[in-house]
Amino acid sequence: MRRHVTVSGNGHPRLPVVVHLRRRGSWGYLRLAWAGAGGELEPPPGRSSGQSTAHGEGVMETRETVKTATGAAAAVPPLRIGGHSYWPPVFPAPMCGISDRPWRMLAREEGCPLVYTQMVSCEAMMRSGRDKSWGILDMFLEPGPVCAQVFGADPENLSETARRLEQAGATIVDLNMGCPVNKVVKANGGSALMTQPDLVRRIFRRMRAALTVPFTVKFRAGWEKYGEEAFTVARLAEEEGLDAVAVHARTRQQGFKGTADWPIIRSLREQVRLPVIGNGDVRSADDAERMIRDFGADGIMVGRAAMGNPWLLGAIVARLSGRPDPAPPTVDERLDTMLRHAEMMALRRGEELGLREFRKHVVCYMKAFPHARELKTRLMQCGTVAQYQEAVEAFRPIIHEYLAQREEEPFPA
Ligand SMILES: Cc1cc2nc3c(=O)[nH]c(=O)nc-3n(C[C@H](O)[C@H](O)[C@H](O)COP(=O)(O)O)c2cc1C
């Protein structure tokens, strides 16, 4: 059963929130309500009370408590970052052009206890208090814990930006040391920092001193080869008092191609006493469970596979909470969520810009409808929410007729 409700304090009183009562039961609802109140998320009573500490004693517990790869009975301990506790430890990865307020909202609805903003440049943030970057972050009255990510190479600008992000409500500040894009790397930022340990130490020190909230870093498995640079950065993070690290288990040279090297997660886990969040190629609840059970990750970060498929986050949340795997979304749930996502983007960014930016999501949502090329073409041309609704409503009876003939649901992906 799905019910539209309005959650007060979500920063937009008219923004409808769908509560999936059928799929999540009362805990799902409560979790949403807690997030709405800006509260912290702990396991339900009687559920895993494993105390994963910020300094690694929880690792063995993590490995022991994940028991099965077939759904249920796999509750993992909460992830502690600084003084905060996140359960289950499943997070949407920061992604430029994706991790905006509507996307963060969908991730929260799926049960993620902490969400990330996309990275913003510290130089841009320093230029003006009303700079475009603040609009991109869109963190005002965020309805729950949010980690704001910044990139750059200047210790002074980075630490001042971190301070401002904290003031603006960031629950955690994260430094990006993974971006492989040439423009960023040439300016010494993103993954380029991995090759400059002295500079990294200075940056960590300055940012740590500027912040009272937890401070984390996300980096790559290495520059060209797996290992050394990642271990150095992780050790520096530990020495300079950071609270957790996240590793995208590909090298800078790999960009976003090739396979993520999950064993680096275990190696990092053995080298430092900080919690390690694993990232790269998590495409299913089984993957998430394996990353924790076999590679020692303390938390899971999911990027591209959740685009157009936020239910993947919900499936991982369920698995790591020890609940049975949820049913896959129905065709109507997919269409309704796509529409609601478009509506939210139009509300936050304005209809013209919001819907133009929504096109990349359309491409992803439509992967579940591989035969509906006409609908995709039509959606890519929509300039208003009304046109979106019209296109989807025209498609709905067609897809239902198709399914009735085949007695299949969900639509074969
Ligand atoms: C479109 C796009 C934008 C991204 N932007 C960011 C970013 O702003 N900050 C960051 O740390 N990583 C960024 N990433 C990397 C992701 O956070 C993640 O590390 C990467 O996609 C690997 O995870 P995956 O295999 O689950 O997609 C981006 C990735 C993509 C595809």
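## Report on a predicted protein model

Histidine 248 lies in strand β10, which spans residues 244-251. The model described here is predicted, and this histidine offers a convenient point of entry to it.

Histidine 248 has 28 other C-beta atoms within 10 Å and is therefore buried. Setting aside residues up to four places away in sequence, histidine 248 touches Gly178, Lys218, Arg220, Asn279 and Gly280. Aspartate 261 is 13 residues from histidine 248 in sequence, and the two C-alpha atoms are 8.7 Å apart in space. His248 is also one of the residues that come nearest to the ligand, together with Ala93, Met119, Gly303 and Arg304. The ligand is surrounded by 22 residues. Sorted by class, this shell contains 10 nonpolar, 9 polar and 3 charged residues.

### Overall composition and confidence

The protein has 413 residues, of which 48% count as buried. Its secondary structure amounts to 16 helices and 12 strands. Among contacts in the protein with a separation of 6 or more, 66% are between residues 24 or more positions apart.

The mean pLDDT of the protein is 84, with 79% of the residues at 70 or more. Residues 1-69 have a pLDDT below 50, yet this stretch has 126 contacts in the model beyond near neighbours in sequence. Where pLDDT is low, predicted coordinates should not be read in detail.

### The nonpolar core

The largest nonpolar core comprises 105 residues. Val150, Val245, Val247, Ile265, Ile300 and Ile316 have the most contacts inside this core. Helix α12, residues 311-321, supplies its largest share, with 8 residues. At least three residues of this core come from each of domain 2 (58-321) and domain 3 (331-406).

Which residues does isoleucine 265 touch, not counting those up to four places away in sequence? The partners of isoleucine 265 are Val247, Ala249, Val276, Gly278, Met291, Phe295, Gly296 and Ala297. Val247, one of these partners, is also among the core residues with the most contacts inside the core.

### Helix α3

Why is helix α3 described as largely enclosed by the rest of the structure? The reason is that 9 of the 9 residues of this helix, residues 101-109, are buried. The buried residues are Arg101, Pro102, Trp103, Arg104, Met105, Leu106, Ala107, Arg108 and Glu109. A residue counts as buried when 20 or more other C-beta atoms lie within 10 Å of its own; methionine 105, which belongs to α3, has 26 such neighbours and so counts as buried. Methionine 105 and glycine 144 are 39 residues apart along the chain, and their C-alpha atoms are separated by 9.5 Å. Just after α3, glycine 111 adopts a positive phi of about 105°.

### Helix α6 and asparagine 157

Asparagine 157 is placed in helix α6, residues 155-167. With 19 other C-beta atoms within 10 Å, asparagine 157 is partly exposed. Not counting residues up to four places away in sequence, asparagine 157 touches Cys122, Glu123, Met126 and Gly152. Serine 121 is 36 residues from asparagine 157 along the chain, and their C-alpha atoms are separated by 9.5 Å.

### Backbone features in loops

A cis peptide bond joins tryptophan 87 to proline 88, with omega of about -10°. Proline 88 sits in the loop between β4 (84-86) and β5 (90-92).

Two residues other than glycine are listed below with their positive phi values and C-beta neighbour counts.

| Residue | Phi | Loop | Other C-beta atoms within 10 Å |
|---|---|---|---|
| Leucine 141 | near 55° | between α5 (132-137) and β7 (146-151) | 12 |
| Asparagine 188 | near 80° | between α7 (182-186) and α8 (197-210) | 14 |

Are these residues exposed or partly exposed? Leucine 141, with its 12 C-beta neighbours, counts as exposed, whereas asparagine 188, with 14, is partly exposed.

Conventions:
Residues are numbered from 1 along each chain as its sequence is written. This is a predicted model: local features need pLDDT of at least 70, side-chain atom pairs count only at pLDDT 80 or more; totals for chains, interfaces and linings use all residues. Helices (H or I, at least four residues) and strands (E, at least two) are DSSP runs, numbered from the N terminus. A nonpolar core is a set of buried Ala, Val, Leu, Ile, Met, Phe, Trp, Tyr and Cys residues joined through C-beta atoms within 7 Å. Domain bounds come from an automatic or database domain assignment. Two residues are in contact if their C-beta atoms, placed from the backbone, lie within 7 Å. A residue is near a molecule or strand if its C-beta atom, placed from the backbone, lies within 6 Å of it. Ala, Val, Leu, Ile, Met, Phe, Trp, Tyr, Cys and Pro count as nonpolar, Asp, Glu, Lys and Arg as charged, and the others, Gly among them, as polar. pLDDT is the predictor's confidence in each residue, from 0 to 100.
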